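Me: I would like to learn how to read the features of a protein model, one at a time. Could you walk me through this one?

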Amino acid sequence: MSKYLDLSIKEINELLKNKTIKPLDLVNEAFERIESSNLNAFITLNKEEALKEAKELENKEIDNILFGIPVAIKDNIVTKGLRTTAASHILDDFDPIYDAEVVRKIKDSHMIIIGKTNMDEFAMGSTGETSYFGNTLNPWDNTMVPGGSSSGSAAAVSARLVPIALGTDTGGSIRQPSSFCGTVGLKPTYGRVSRYGLIAFASSLDQIGPITRNVIDNALMLNVIAGRDDKDLTSSYEDVTDYTSLIGKDIKNLKIAVPDFYMSDAIDKEVRNKVTNIIDMLKKAGCTVHSISMKYVENAIPLYQVIALGEASSNLARYDGVKYGYVTSEYKDIEQLYKMTRYEGFGREVKRRLMIGSYILSGKNADKYYRKALIVRKKLTDEFKDVLSKYDLIIGPTNTDSAYPLGTKQDDALKSFYDDLLTIPVNMAGLPAMSLPIGFKNGMPVGMHIIGNYFKEEVIYQLASYIEKELNLNLDPRGDK
Amino acid sequence: MLSKEEIDHVAELARLHVDDSEYELYGKQLYDILSEIEKIESVDVEGETKIMISPCTNINEYSNDSIGPMLSKEDILKNVKHSNGDYIVVPTVINE
């Protein structure tokens, strides 16, 4: 088996340019690896189209660094003519009639879509276990959760099945699995990447972003997908920069804040120690690092439950068995058609969240819970803005701990929320943030959280590239193969 | 625990059927989540009254009032399970 997919994007690009390899070699290698993998990282493969596309590219000029690179797409991003399920029974035969804007951009860059990755159903979960298609396995230890909801994207990149995958992040769904699988995952600023064609979960929190093996590949992918899109009215007019521009640049003048909440007793001690070691490293490199306190971050869980579930109950009302998707055979009238279709089509986690969301937005509760949550969201966001007016970046752990065994507390309705304790505040404020691998705990990867200012993703990449180079970790779960 | 009536109420709001075997599990799980949510009520917001619905800072986004590309009937009906070729077929909605 060839090993081109073990190389960086830049190295692969060189080999393509000097005609040592063709895009077809990369595509064949990706499918060989996927087909011999036991991770269940993909729901649908795009083999026929991918092979066709690779052959067509042989007659095209290599016009950008991502030309011919295989990419995997999370299965809640629609792909024309390629089944898109959101890992739900209710969409298990859904055949989209248009491409998401990010997919259009990927195709314009002549990247090759290999398949659609496994995930928690409708991105609701933090372990991959709520997928209708069975859970994804963690490449570092198959008995451990890969994290979620972008489980398949993180696992596929970590196991080197593909060099790049897209994930989506509503409360931590790019960063948390990246932390558990040892990949670099970035949630861009809200509005930086078009959500057109993303199957909506919570529209004011959702954002698409890249998951890669290293920092520069991540920035290269953000270069492709970032930018204004008239089809998404929340898409920003802010100029797009070259996100690789600060990679490798001196970090000595960076001012960094560490919220004490992110280093509290709620976080595993070994994880905290890893972050402390990085803080020491950054101080030695000349960065200013201060411990700060933030008052509103601790309200992340109830805030998320009200806002994300409220929005979800509205967004998922569209799955009614009429326009597309699964339809029950047990109905006498339209009400029963809705109720039975949704009862049979959605999994337990989704149904639980929809009931809570509908309840929160009903009658007097809208004022009691939803309006109050929007005020707390404002306070939390103002607090972040204040910190980021004094500091360039905020750092801490991505998660409270490293990956835990599959099947842990599956009946605990609060578990999946608490996994996102440190990542949710970032979605509330709409800030960009990355999870970067910084070491291992008992052989499982540990991720560090780097939160940046609005539309300043390049500064996150600047710091991340420094830490990545200094640590020089072996992030191949297959050992020295 | 949430009572059967309370579960039926929230399930009705979400247009979900609940099987008899699920009441006990949902009763506990929904109670746990709602207890967590109650915490939002006691957060001190220091007199703040302004809300934030979305981090989006775009102001007054309007679409042009012009005809753009449209989907074909075939595309629209492509994923419909019950159709007569021109329309989506659903059970009768209006009682005579």
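Reply: Gladly, and let us begin with salt bridges. A salt bridge is a side-chain nitrogen of Lys or Arg within 4 Å of a carboxyl oxygen of Asp or Glu. Lys295(A) forms one with Glu46(B), and their closest N and O atoms are 3.0 Å apart. This pair crosses between chains: Lys295(A) sits in the loop between β8 (288–292) and α9 (300–315) of chain A, and Glu46(B) in the loop between α2 and α3 (73–77) of chain B.

Me: What should I know about the model and its numbering before going on?

Reply: This is a predicted model, in which local features need pLDDT of at least 70 and side-chain atom pairs count only at pLDDT 80 or more, while totals for chains, interfaces and linings use all residues. Residues are numbered from 1 along each chain as its sequence is written, chains are lettered from A and ligands numbered from 1 in the order in which they are written, and side-chain values use heavy atoms, with hydrogens and water left out.

Me: How are names such as α2 and β8 assigned?

Reply: Helices (H or I, at least four residues) and strands (E, at least two) are DSSP runs, numbered from the N terminus. Chain B has 3 helices and 0 strands, and its elements run α-α-α from the N terminus on.

Me: Is Lys295(A) buried or exposed, or something in between?

Reply: The scale has three classes: buried means under 20% relative accessible area, exposed over 50%, and partly exposed in between (1.4 Å probe, protein chains only). Lys295(A) counts as partly exposed because its relative accessibility is 39%. Glu46(B), with a relative accessible area of 48%, is partly exposed as well.

Me: How do I read a salt bridge inside one helix?

Reply: Look at how far apart the partners are in sequence. Lys52(A) forms a salt bridge with Glu49(A), with 3.6 Å between the closest N and O atoms. The two are 3 residues apart in helix α3 (residues 47–57) of chain A, so about one helical turn separates them. Lys52(A) is partly exposed at 46% relative accessibility, and Glu49(A) is partly exposed at 43%.

Another case is Arg104(A) with Asp108(A), whose side chains meet in a salt bridge of 2.8 Å, N to O. Both lie in helix α4 (residues 101–108) of chain A, 4 residues apart, about one turn of the helix. Arg104(A) is partly exposed, at 37% relative accessibility.

Me: Which residues of α4(A) are buried?

Reply: They are Glu101(A), Val102(A), Val103(A), Lys105(A) and Ile106(A). These buried residues pack against β2 (70–74), β3, β4 (164–169), β6 (207–212) and α7 (215–225) of chain A. Just after α4(A), His110(A) takes a positive phi of about 60°.

Me: What does a polar contact look like at a buried site?

Reply: A polar contact is a pair of N or O atoms within 3.5 Å; within protein, one must be able to donate a hydrogen and the other to accept it, and residues adjacent in sequence count only if both atoms are side-chain atoms. Asn118(A) lies in the loop between β3 (112–117) and α5 (151–158) of chain A. Asn118(A) counts as buried because its relative accessibility is 0%. A polar contact of 2.7 Å joins its side chain to that of Ser131(A).

Me: How do I size up the interface of the two chains?

Reply: Start with contact (heavy atoms within 4.5 Å): 52 residues of chain B are in contact with 71 residues of chain A. Next comes buried area, the accessible area (1.4 Å probe) that two parts lose on being put together, summed over both. Here the two chains bury about 5,700 Å² between them, 65% of it on carbon and sulfur atoms.

Me: How many salt bridges are there between chain B and chain A?

Reply: The count is 7. One salt bridge joins the side chains of Glu335(A) and Arg15(B) at 3.1 Å, N to O. There are also 25 residue pairs in polar contact across the interface, both at pLDDT 80 or more.

Me: Which helix supplies the largest share of the side of chain B that touches chain A?

Reply: That is α2(B), with 10 residues.
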